[in-house]
Amino acid sequence: MKKTLAVIAGYLLLIGFLPACQVGDGETGSLRSPEGQPPAAPSAPVAKGQQETQTPAEEAPKSVDQNLGYAPNNPNPKRIVMRLGRGEDTKDFALILDSSKKSGTDYDLLVADTDLDGSLADETAVKADGEPDRRRHQRVTVTAPFGDLDAEYAFGLHTYVRGETGEFSVWPITYINLTANDGKWSYMFLGGASSDDAGVQRFDVGGPLSLETVVKLKDRETFDIAATIKSASDQTIRLINGPGGGAQTRVRPHLVVRAPSGKTIEDKDLDYG
Ligand SMILES: [Ca+2]
């Protein structure tokens, strides 16, 4: 019970730092993520009779171009989709990691759907900095929904190849800039929950924020509380800048935990992940 109270208290205080557009999700009572109440997947209405007449039996099913009109050099390109936004209003942002050489595991080229039109045929591959085992790709910026607002999403993609195993991994750094009612806000997130779906690595970004705490009872009066701030998509928050005095100011989340008796158990600034 005390742990729950700590989480609730911390969460309620944390959302005080967020622009109005984000408070809505906090009011749902979901502390960790909106996963318990996902938006219903939209399904197109189907008129049965009409469908039968419009789809002749001899018509072959269309093949899906996973490379979205881009012709990769590498026979095994890495396909990535960032789902931007939250709730029902989202945009998918496609990227492909390719190689300037015809083979190997050095993914030194990045092609991104910068205009979000679902095609990479109109895009240009950009060469990364770094070494073959550690590439730092040029930042890509797109505009997409964030709740009721438009936000600027900027991605810095880092890729790694482990020397011993040859295991390849992608580490996205996401910057979200938006203007809420009371001024400009910016966030920086590291990593995030990802899944592999038929050769496409998917990341969810731009979800509501939550606070995870670990509470250890040392004795009857004292707690040890560790907390990290994450988005609902498991991105670790590196910084939050909010409006203040005409200039952007670093917002440092503050945790206050009170016992049912009203006694303050914890009252401190939090560290970013
Ligand atoms: Ca495009």
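Alanine 198 is exposed, because just 7 other C-beta atoms lie within 10 Å; here exposed means 12 or fewer such atoms, buried means 20 or more, and partly exposed falls in between, with C-beta atoms placed from the backbone. This is a predicted model, in which local features need pLDDT of at least 70 and side-chain atom pairs count only at pLDDT 80 or more, while totals for chains, interfaces and linings use all residues. Residues are numbered from 1 along each chain as its sequence is written.

Alanine 198 sits in the loop between strand 11 and strand 12 (200-205). Strands (E, at least two residues) and helices (H or I, at least four) are DSSP runs, numbered from the N terminus.

Now for the backbone. Most residues other than glycine have a negative phi. Two residues with a positive value are listed here:

| Residue | Phi |
|---|---|
| Leucine 116 | near 55 degrees |
| Alanine 198 | near 55 degrees |

Leucine 116 belongs to the loop between strand 3 (109-112) and strand 4. Leucine 116 is partly exposed, because 15 other C-beta atoms lie within 10 Å.

Let's turn to the sheet. Six strands form an open sheet with mixed pairing, in the order 4-3-2-1-12-11. At its edges are strand 4 (126-127) and strand 11 (194-197), each pairing on one side only. Two strands count as paired if DSSP finds at least two bridges between them. Strand 1 (residues 78-86) and strand 2 (residues 89-98) run antiparallel and are joined by nine bridges. Isoleucine 80, for example, has leucine 95 in strand 2 as its bridge partner.
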